[in-house]
Amino acid sequence: MSHVFYRNPYKKYPVVARGKGVYLYDRQGKRYLDGCGGAVVSAIGHHVPEVVEAIKAQLDSVEFAHTSQFTNDPQEELAELLAERAPGGLDFTYFVSGGSEAVESALKMARAYWVQMGRPEKWMVIGREQSYHGNTLGALAVGGNLWRRAIYEPMLYPRPRVAPCYCYRCPFGRHPESCSLECADDLERAIQEVGPEKVSAFIAEPIVGATAGALTPPAGYFQRIREICDRHDVLFIADEVMTGLGRTGAWFAMKHWGVVPDLMCLAKGLAAGYVPVGATMVHHRINDTFHNRRNVFQHGHTYMGHPLAAAAGVAVIRYMSEHKLVDRSRKLGKYLREQLQAACGDHPHVGEIRGRGLFVGMEFVKDRESRTPFEPETGFHNLVGDAAFELGLILYPTGGTIDGRRGDHVLIAPPFIITRSQIDRLVEILGRALERATKQVA
Ligand code: PLP
């Protein structure tokens with residue numbers, strides 16, 4: 001009998017035995033092509049010797065020293081590498097152990113900043129519908145994932161939610177030709193509804209992952225968001241937990257639009273799964289406020305700045321830089337989308353294939369013409385995900401919210417080292433999985 005509290009007690013989990021490159025192997029020796037880096041985590045592939053050696057070397061010198069007593073070389077170096085690559089001005093990094101912690105830190109940092117600025121009435125963080133920022137209570141409160149929130153709703157503080165930028169099902173009934181960025185202007189409405197004097201920050205994922213299958217904003221969206229935030233003294237938090245560190249073909253997705261957030265959350269790709277780590281990057285304007293007033297940011301977690309996590313992060317960033325993997329994510333992402341479009345683009349249950357870099361989403365529909373979604377209980381994304389898994393391909397099925405219901409997509413986000421022929425194989429298996437799922441709903 002297993003004593004593990006499984007995330008899904010009805011599911012039979014194979015035991016993972018080892019990983020190499022884009023492949024994972026279970027104890028029975030079955031090989032799986034990792035088409036999604038687990039949950040968009042494994043950015044450079046499995047068992048990269050340079051990263052494994054860096055972690056071992058750190059372990060040989062010191063495994064842990066608390067950051068209230070010491071700093072350590074790897075965290076200093078990782079902060080420097082991040083500052084060199086981040087949008088200009090995000091010069092400081094607060095290290096934590098995962099994405100939710102990075103978001104919690106950002107929410108509290110925004111509040112603490114306004115208190116220091118003599119505006120303690122500013123506390124509320126506004127988020128969007130159809131978004132995901134983590135499962136801890138603060139992160140859940142600002143997220144718009146209805147089914148993850150449902151039973152915890154009484155524990156979450158109420159706040160308005162801003163419309164998603166969901167061009168395939170535009171909440172304002174627009175088409176690309178008639179788009180005037182009403183989805184961005186919806187933030188203005190929400191700020192006015194609460195009163196700008198109460199709003200401390202707005203949080204958004206640059207390209208929405210877990211709830212929306214790589215939902216990509218229309219041109220000009222984030223520039224408009226930045227303007228609105230500036231006009232109302234509202235900080236902008238970019239949640240780059242999924243999109244950061246090269247996933248979308250730029251070191252950080254915000255660089256695609258030349259927008260500098262005030263705070264930026266990272267995790268997943270930061271140590272690419274080798275060790276748990278997260279980070280909140282901080283604009284020097286905010287850092288200076290704490291520093292100049294000699295104020296401590298009243299927060300903290302035991303494992304922040306952990307030497308092993310930081311050593312892994314340094315090794316991952318160096319490996320990505322040496323092998324030009326960000327560029328590779330951009331080029332191979334384009335190839336992946338083209339191949340998916342050619343193989344599955346006309347399938348009756350494929351509504352849209354979207355994304356940027358090696359961050360690709362496929363949205364499923366019951367009826368392609370009318371864009372009618374499947375009934376939530378069909379769970380088409382899980383049928384495709386399960387069929388693919390059986391065929392040796394790992395996809396990330398994600399259920400978002402369409403018209404208040406659970407959405408239907410898979411994320412395809414392989415390690416950046418994937419080759420063109422491995423992409424061809426991924427597309428071929430995905431096509432077969434799609435056919436199997438289609439037969440199940442026929
Ligand atoms: N933010 C975003 C955009 C995410 O996609 C996730 C996880 O999927 C999180 C935050 C939470 O990260 P974690 O699961 O590491 O707590």
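Here are some exercises on a predicted model of a protein with a ligand, each with a worked solution.

**Exercise 1. The whole protein**

Task: Find how many helices and strands the protein has, and work out why it counts as compact.

Solution:
- Step 1. Begin with the secondary structure, which comes to 13 helices and 17 strands.
- Step 2. Now look at the radius of gyration, which is 21 Å, while the globule rule gives 22 Å for 442 residues. Those two values are close, so the protein is as compact as a globular protein of that length.
- Step 3. For the outer dimensions, picture a box along the principal axes: the C-alpha atoms fill roughly 65 × 55 × 45 Å.
- Step 4. Turn to the inside, where 51% of the 442 residues count as buried.
- Step 5. Finally, take the contacts between residues at least 6 apart in sequence: 74% of them join residues at least 24 apart.

**Exercise 2. Around the ligand**

Task: Describe the shell of residues around the ligand: which come nearest, and which helix gives the most?

Solution:
- Step 1. The shell has 15 residues, and G98, G99, S100, G134 and V241 come nearest to the ligand.
- Step 2. Helix α4, residues 99–116, gives the most to this shell, with three residues.
- Step 3. Sort the shell by chemical character, and you get seven nonpolar, six polar and two charged residues.

**Exercise 3. An antiparallel sheet and its helix**

Task: Give the strand order of the open sheet that contains β11, and explain why one side of β11 and of β14 has no neighbour.

Solution:
- Step 1. Four strands make up this open sheet, in the order β11-β12-β17-β14, and the pairing is antiparallel.
- Step 2. The edges are β11 (350–356) and β14 (396–398); each has a single partner strand, so one side of each is left without a neighbour in the sheet.
- Step 3. From one strand to the next, the twist averages 25 degrees.
- Step 4. Zoom in on one pair: six bridges link β11 with β12 (residues 359–364) in the antiparallel sense. Here I353 stands opposite M362 in β12.
- Step 5. Now add helix α12 (residues 380–390), which packs on the sheet and touches β12, β14 and β17 (409–412). The direction of α12 makes about 170 degrees with that of β14.
- Step 6. The buried residues in α12 are F380, H381, L383, V384, G385, A387 and A388. Their cover includes β12, β13, β14, β17 and α13 (420–441).
- Step 7. Just beyond, α12 is followed by G392, which has a positive phi near 90 degrees.

**Exercise 4. A mixed sheet**

Task: Which strands stand at the edges of the sheet that contains β2 and β3?

Solution:
- Step 1. Write down the order of this open sheet of four strands: β1-β2-β3-β13, with mixed pairing.
- Step 2. Read off the edge strands, β1 (16–20) and β13 (393–394), each of which pairs on one side only.
- Step 3. Look at β2 (residues 23–26) and β3 (residues 31–34): they run antiparallel and are joined by three bridges. In β3, Y32 is the bridge partner of L24.

**Exercise 5. Two residues with positive phi**

Task: Q130 and D233 each have a positive phi; decide whether each is buried or partly exposed.

Solution:
- Step 1. Recall the background: most residues other than glycine have a negative phi.
- Step 2. Q130 is not a glycine, yet its phi is about 50 degrees. This residue lies in the loop between β5 (124–128) and α5 (137–142).
- Step 3. Q130 has 25 C-beta neighbours inside 10 Å, so it counts as buried, since the cut-off is 20 or more.
- Step 4. D233, also not a glycine, has a phi of about 55 degrees and sits in the loop between α8 (221–231) and β8 (235–239).
- Step 5. With 15 C-beta neighbours inside 10 Å, D233 counts as partly exposed.

**Exercise 6. Far in sequence**

Task: What distance in space separates A43 from P415, and R420 from L308?

Solution:
- Step 1. Place A43 in the loop between α1 (37–40) and α2 (49–61); A43 is buried, with 28 other C-beta atoms within 10 Å.
- Step 2. A43 and P415 are 372 residues apart in sequence, but their C-alpha atoms are 4.3 Å apart. P415 is one of the residues that A43 touches, and F416 and L245 are also among them.
- Step 3. R420 lies in helix α13 and counts as exposed, with 12 C-beta neighbours inside 10 Å.
- Step 4. R420 and L308 are 112 residues apart along the chain, and 33 Å separates their C-alpha atoms.

Terms used
Residues numbered from 1 in each chain as written. Predicted model: local features only at pLDDT ≥ 70, side-chain atom pairs only at ≥ 80, totals over all residues. Near = placed C-beta within 6 Å. Helix = DSSP H or I, 4+ residues; strand = E, 2+ residues; numbered from the N terminus. Nonpolar A, V, L, I, M, F, W, Y, C, P; charged D, E, K, R; others polar. Rg over C-alpha atoms; globule rule 2.2 N^0.38 Å. Contact = placed C-beta atoms within 7 Å. Pairing = 2+ DSSP bridges. Axes fitted to C-alpha atoms, helices over the stretch in contact; angles between N-to-C directions. Lists of a residue's contacts leave out its neighbours within four places in sequence.
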